[in-house]
Amino acid sequence: MRIDRPGTARVLTEGQAATFTAEARSAGRRIVFTNGVFDLLHPGHVRYLQDARALGDLLIVGLNADGSVRRNKGPGRPITPQNERAEVLAALSSVDAVVVFPEDTPAEIIRLVQPDILVKGADWPADQIVGRDTVEARGGRVVLLPVAQGHSTTSIVERIKNTLK
């Protein structure tokens, strides 16, 4: 499966993502996977995604669907709807494909994509990284990337709320 621009063409279903990564892997390419909400894309996210992409040949981003975000973050989130978040992420040069997943964790999409490298922010405790066992069982590795100081979505949301008071 060839992925071309525009960005929306690189937003894949779970089945398409599994096919895409299987074909890439058979061609000898290393698959990097990360996931998140990305409801307010900011420079910290961009740096994180660039660093993640540098670890392999393709970066697949798992994106929490709106219902999943509300269950995990509360009724006030996400700030931006899932289709818009997916389109913006897919337009970034460091992101090769985006797949929206409805579950509360990325366990199923990680099982389908079978990444060689699973990337999370360094603020994640090792024992709480969903998919770690799946990736390591097939010989892959987990990489924790530093979090860009001053660029957390939570702090941005708080700044906006304080400005509106």
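## Exercises on a parallel sheet

Strand 2 (residues 31-36) and strand 3 run parallel, joined by 6 bridges. Helices (H or I, at least four residues) and strands (E, at least two) are DSSP runs, numbered from the N terminus. This is a predicted model in which local features need pLDDT of at least 70, side-chain atom pairs count only at pLDDT 80 or more, and totals for chains, interfaces and linings use all residues. Residues are numbered from 1 along each chain as its sequence is written, and side-chain values use heavy atoms, leaving out hydrogens and water.

**Exercise 1.** Work out how the chain gets from strand 2 to strand 3.

*Solution.* Start with a pair of residues: Ile31 stands opposite Leu58 in strand 3. Next, follow the chain from strand 2 through helix 2 (residues 43-53) to strand 3; this β-α-β crossover is right-handed (with the strands pointing away from the viewer, the path from the first strand over the helix to the second runs clockwise).

**Exercise 2.** Decide whether strand 3 is enclosed or open.

*Solution.* Count first: 7 of the 7 residues of strand 3 are buried (under 20% relative accessible area, 1.4 Å probe, protein chains only), so the strand is largely enclosed by the rest of the structure. Then check each face: Leu58, Ile60, Gly62 and Asn64 are buried on one side, and Leu59, Val61 and Leu63 on the other.

**Exercise 3.** Find the strand order and the edges of the sheet.

*Solution.* The open sheet has 6 strands in the order 1-4-3-2-5-6, with parallel pairing (at least two DSSP bridges between two strands). Strand 1 (11-12) and strand 6 (141-145) stand at the edges with a single partner strand each, so one side of each lacks a neighbour in the sheet.

Terms used: Buried < 20%, exposed > 50% of the residue type's maximum accessible area, 1.4 Å probe, protein only.
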